[in-house]
Protein chains: 2
Amino acid sequence: MGNTRAPPPTTGFPLNRLSFLRDTPAFLSSALASSRVILFNNLHPLTTTTPHYSVHFLPYTTISHLLPNPFTFESEDAYTSAYDSRDPIPPIFVFLGVDEKDLESGFEYQGQGGKSGDTVYKGRPYFAVDVSGNEKAQELALGGVKEGEKTEGPNWRPQRVDMGLPAREAAMVGFGRQVLHWNMNNRFCSSCGSSTISLHAGTKRVCPGTDKALIIEDGDTGNRIVCTVRKGVHNIAFPRTDPTVIMAIVNSAGDKVLLGHNKRFPKGFFSTLAGFCEPCESVEDAVRRETWEESGVRVGRVIIHSTQPWPYPASLMLGCIGQALPDGETIDLGHDPELEEARWFDLGHIRRIIEKAEGGAKDGGGQWVSDGEEVVRIPPPAAIAHQLIAAVARGFVGGVPKI
Amino acid sequence: MGNTRAPPPTTGFPLNRLSFLRDTPAFLSSALASSRVILFNNLHPLTTTTPHYSVHFLPYTTISHLLPNPFTFESEDAYTSAYDSRDPIPPIFVFLGVDEKDLESGFEYQGQGGKSGDTVYKGRPYFAVDVSGNEKAQELALGGVKEGEKTEGPNWRPQRVDMGLPAREAAMVGFGRQVLHWNMNNRFCSSCGSSTISLHAGTKRVCPGTDKALIIEDGDTGNRIVCTVRKGVHNIAFPRTDPTVIMAIVNSAGDKVLLGHNKRFPKGFFSTLAGFCEPCESVEDAVRRETWEESGVRVGRVIIHSTQPWPYPASLMLGCIGQALPDGETIDLGHDPELEEARWFDLGHIRRIIEKAEGGAKDGGGQWVSDGEEVVRIPPPAAIAHQLIAAVARGFVGGVPKI
């Protein structure tokens, strides 16, 4: 009955992101040559079902000939100042990081000078690339078979972290997907409306100040319209992540948990309440606000239990445990009409459901669990919602106060 | 020496945001009429110094006549379908929420039907509005005196939450500032580059599908270019908040804390390490990655202690406490060259600094504290960095394990 803090499956990112080397073309070019690549088509990764469900990584060397031009990384200054809107847009190779446990590739990079001291970074580099619309790459990926014509072997399959890929691969796919999606939705500058370009191996987009297409005759500067975000550092240049609270709320007596049933849920399915953090709002406040808005229940103390990235498209789930105020436990769905039902479940009831679900869920996908007369289902163990419910069911609140 | 969890100053948001009523024009119009408004000029709020430093709220009724047209809220559908790019852009009134403890205004709103049941929402409504470029409003705000000609009384003053405004007002200013800044930087759709319009009292922007300016002759549809974000719900329609980790790292023996000195810090100033969360990264992983990148120290267990919004422009500080691995305590600044110095400080030393700083800091702005031969300064109590340092100095890690 101890304090349960089992990490959700996408924590423990398996690669060293080496984020400080993303602006170093020599590093990126060298890493790409030794890399394995995850191909995406309309945000679906290339996976296979044989011998088991997993990402179908391709060595970069097998796909490099499919690119329209020899692909090179360039410095931010060089790329920005050479911008010509008539040029084809090069593919975005998202650098995912280096697997430091896999030394087979022989890849090594020695930091130069002050930038990275003289440390030698080693391991297998991984990248993600979008090949939507690239027919040659798609043909190679599917082994000559058209998409939809076969269900086994390599194919584009929609992916969510809870759908059974090995945790290590789910984390890499999630990172690649989130960054590619952000690039797709940020091809234009939200400050001035001009086109932007992708830099730093997919993790930065900037609004160039000049465009060679605007140079018609000698003396033209090629300047684009004035834009406020060209000076200084602005968050819109970097991928967006949306902090989201998800919370198991216990009653003041510590023997019940508040769960909700959304209109979109299947019948009998209940989960923790959740919602986006608001601008200028602490996580603790967001838990209290969302719980009240969705259920009418007023929450006092709140702690943050654990977190889980949820890259569909860009959430960071902040898993919390809170306790209702003694006079604030009445359920009222009349504020924000998001839930169809909210209910206090007895923790003994929930413990039995959890034990059955964890014992019987072979595929990690969750199961319908019959408990007495009522059939109730909660999220599978891979979801942080399950971990939060399990934590309170197993005594996180009660006995020695932990919050 | 107990577990310190004093909330940073902007937690405990003082208003009920009633976020689910932001798309209800009847509610917003009625609330605005009874409201107090925070005026902003180039993101600086109107504050006064008499009788003490505070926001200079203006009743909406005193500024309504300064608006170019009678101002009305409209439904999303009505506003979007009537879009005409030739029209002047109306001011954005950001709805901050209702102070439910202040019933003096007499404002009441009865929820209608399923949307908000029959609950009656009461209290003083607050809004924020940007009057940059509105000469009449500026004249009224400054009482006829030109900006820069006086230093006392109402004026535009840059504001940060740690600069001494009452906590309640700092939270309201922070919310208004973050939303206005997001609107300023999102006047164009990042997916297609077309202009966007502000809805839901400043908290949503959409890319209209039609523009009446494109209707030249009978039969024209006024359709704008195709944009992928017009169908479904997309995060780019909503304000962005950047999750950021900030962490007090203790050594494996539990008697030292790791602090850093940034190039931009004044001499002798040390603080906790911090950095943005990456796409598809848990908070716990972000703490480990950032600590290693900036200092070379490798961290094992991590807990999240408390959080603080930091709306400059849009951060959510996730305050963490972590512990270094026994064989990972060597400092190496050679990876990411962000810090000029990182150092393990004895917790006894830090405790003396904290006691002096908390005892002597009259203005909450922090003080230089001499400790023996070395003069060291840490952030003031209003900053979450201070709370994290104080928590570990007072025994958060050690004795009974709390993480």
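A disulfide, as I'll use the word today, is a pair of cysteine sulfur atoms within 2.5 Å. Hello everyone, and please keep that cut-off in mind while we look at this predicted model. With it, the count of disulfides over all chains comes to 0.

So let's start with the cysteines. Take Cys189(A): this residue is in no disulfide, and the nearest cysteine sulfur, that of Cys227(A), is 3.7 Å away. Chain B tells a similar story. There, the sulfur of Cys189(B) has its closest cysteine sulfur in Cys227(B), at 3.7 Å, and that is too far for a bond. Are these cysteines buried or exposed? Cys189(A) has a relative accessibility of 3%, so it counts as buried. Cys189(B) is buried too, with a relative accessible area of 4%.

Now, the two chains. How does chain B lie relative to chain A? A turn of 180 degrees, with a shift of 0.0 Å along the axis, lays chain B on chain A with an RMSD of 0.0 Å. That is the relation of a two-fold axis. The same surface serves both copies, since 100% of the contact residues of chain B recur in chain A.

Let me zoom out to chain A as a whole. Its secondary structure comes to 8 helices and 19 strands. The domain assignment gives domain 1, residues 19–237, and domain 2, residues 242–393. Taken over C-alpha atoms, the centres of domain 1 and domain 2 of chain A are 36 Å apart. Chain A has 403 residues, and 57% of them count as buried. If you take the contacts in chain A between residues at least 6 apart in sequence, 68% join residues at least 24 apart.

On to the inside. In soluble globular proteins, nonpolar side chains tend to be buried together. Here, the largest nonpolar core has 40 residues, and the ones with the most contacts inside it are Ile249(A), Val283(A), Ile249(B) and Val283(B). Leaving aside neighbours within four places in sequence, Ile249(A) is in contact with a list of residues including Leu258(A), Val287(A), Val299(A) and Trp344(A).

Leu258(A) also turns up around our next residue, Ser295(A). You'll find Ser295(A) in helix α6, residues 283–295 of chain A. Its relative accessible area is 0%, so Ser295(A) is buried. What does the side chain of Ser295(A) reach? The backbone nitrogen of Val297(A), at 3.2 Å. Again leaving aside neighbours within four places, the contacts of Ser295(A) include Leu273(A), Thr330(A), Asp332(A) and Ala342(A).

Last stop: Arg168(A), in helix α5, which covers residues 167–184 of chain A. With 31% relative accessibility, Arg168(A) counts as partly exposed. Which side chains make polar contacts with the side chain of Arg168(A)? One is that of Asp99(A), at 3.0 Å. Another is that of Tyr126(A), at 3.4 Å. Beyond its neighbours within four places in sequence, Arg168(A) is in contact with Asp99(A), Tyr126(A) and also Pro14(A). And here is one to find on your screen: Leu15(A) is 153 residues from Arg168(A) along the chain, yet their C-alpha atoms are separated by 8.9 Å.

That's my tour, thanks for listening!

How values were computed. Residues are numbered from 1 along each chain as its sequence is written. Chains are lettered from A and ligands numbered from 1 in the order in which they are written. This is a predicted model: local features need pLDDT of at least 70, side-chain atom pairs count only at pLDDT 80 or more; totals for chains, interfaces and linings use all residues. Side-chain values use heavy atoms; hydrogens and water are left out. Domain bounds come from an automatic or database domain assignment. Helices (H or I, at least four residues) and strands (E, at least two) are DSSP runs, numbered from the N terminus. Buried means under 20% relative accessible area, exposed over 50%, partly exposed in between (1.4 Å probe, protein chains only). A polar contact is a pair of N or O atoms within 3.5 Å; within protein, one must be able to donate a hydrogen and the other to accept it, and residues adjacent in sequence count only if both atoms are side-chain atoms. Contact means heavy atoms within 4.5 Å. Copies are superposed by least squares on the C-alpha atoms of residues with pLDDT of at least 70 in both. A nonpolar core is a set of buried Ala, Val, Leu, Ile, Met, Phe, Trp, Tyr and Cys residues joined through side-chain atoms within 4.5 Å.
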